[in-house]
Amino acid sequence: MLTLDDPDLRVALLSLLSPYGLQLEWVIAAAPIPGSYWGESEAGLIGDRLYLRHDTPLHSALHEAAHFVCMTAPRRAALERDAGGDHPEENAVCYLQILWGDQLPSVGRERILADMDAWGYTFRLGSAARWFDEDASDARQWLQREAIVRDDGSLTGRCRR
């Protein structure tokens with residue numbers, strides 16, 4: 001899995017996420033990651049802070065950041081560890097993290113999709129790629145309705161209203 005040990009990738013991630021008001025906080029090697037739902041090297045969320053280590057998988061950072069973007073403002077304000085949300089929102093989170101993969105130099109959606117499968121995300125059609133290509137129109141529409149993605153599929157750089 002692609003991790004955040006590459007300084008160029010960390011800079012690109014910061015550039016990608018900064019329009020959303022999410023602050024990246026770096027944790028020293030082997031220290032527990034605050035706000036991590038899954039523990040170990042997985043990204044953590046507390047308020048507007050995304051906690052990461054250099055061994056955090058990129059897909060984990062993108063997934064937790066997408067939770068921040070896709071939740072309502074009151075939930076963002078009270079956020080600590082468990083992003084919550086319903087099934088349609090979780091699908092939108094997964095869709096957004098895949099879109100963001102295309103925005104990162106030398107990453108692309110194929111890498112994010114492969115890492116999602118390797119980590120153990122589960123989808124009705126058996127893989128993240130098949131879900132994204134064949135069964136994710138509801139997630140795309142959710143992101144459009146919440147003004148996170150435009151009708152043409154481009155990112156607005158805004159959080160859910």
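This is a short guided tour of a predicted model, stop by stop, with something to select at each one.

Because the model is predicted, local features need pLDDT of at least 70 and side-chain atom pairs count only at pLDDT 80 or more, while totals for chains, interfaces and linings use all residues. Residues are numbered from 1 along each chain as its sequence is written, and side-chain values use heavy atoms, with hydrogens and water left out.

**Stop 1: two exposed loop residues**

Select Ala 30, in the loop between strand S1 (23-26) and strand S2 (44-46); strands (E, at least two residues) and helices (H or I, at least four) are DSSP runs, numbered from the N terminus. Its phi is near 70 degrees, a positive value in a residue other than glycine. Most residues other than glycine have a negative phi. Now add Glu 40, found in the loop between S1 and S2, which has a positive phi of about 50 degrees although it is not a glycine. Ala 30 counts as exposed at 72% relative accessibility, and Glu 40 is exposed with a relative accessible area of 72%. Here buried means under 20% relative accessible area, exposed over 50%, and partly exposed in between (1.4 Å probe, protein chains only).

**Stop 2: a buried acid**

Move to Glu 64 in helix H2 (residues 58-70). Which side chain of opposite charge is nearest to Glu 64? That is Arg 81, 9.3 Å away, and Glu 64 is buried yet has no salt bridge. For charge, Lys and Arg count as positive and Asp and Glu as negative, with His and the chain ends not counted. A salt bridge is a side-chain nitrogen of Lys or Arg within 4 Å of a carboxyl oxygen of Asp or Glu. Show the contacts too (heavy atoms within 4.5 Å): leaving aside neighbours within four places in sequence, Glu 64 touches Ala 43, Leu 45 and Leu 50.

**Stop 3: helices H4 and H5**

Select helix H4 (residues 87-103) and helix H5 (residues 108-119), whose axes come within 6 Å and cross at roughly 135 degrees. The axes are lines fitted to C-alpha atoms over the stretch in contact, and angles run from 0 to 180 degrees between N-to-C directions. H4 and H5 are therefore oblique to each other; angles under 35 degrees count as roughly parallel, over 145 as roughly antiparallel, 65 to 115 as roughly perpendicular, and the rest as oblique. To see the meeting surfaces, pick residues including Cys 94, Ile 98 and Leu 99 in H4, and Ile 112, Leu 113 and Met 116 in H5.

**Stop 4: salt bridges**

The count of salt bridges comes to nine. Stay in H5 for one of them: Arg 111 pairs with Asp 115, the closest N and O atoms being 3.3 Å apart. The two are four residues apart in helix H5, so about one helical turn separates them. Arg 111 is partly exposed at 34%, whereas Asp 115 is buried at 6%.

Next, select Glu 134 and Arg 130, which meet in a salt bridge (3.1 Å, N to O). Both lie in helix H6, four residues apart. Glu 134 counts as exposed at 52%, and Arg 130 is partly exposed at 38%.

Finish with Glu 146 and Arg 160, whose closest N and O atoms are 3.5 Å apart in their salt bridge. Both residues are buried. Add Arg 75 and Glu 89 to the selection, and you have a network of salt bridges linking Arg 75, Glu 89, Glu 146 and Arg 160.
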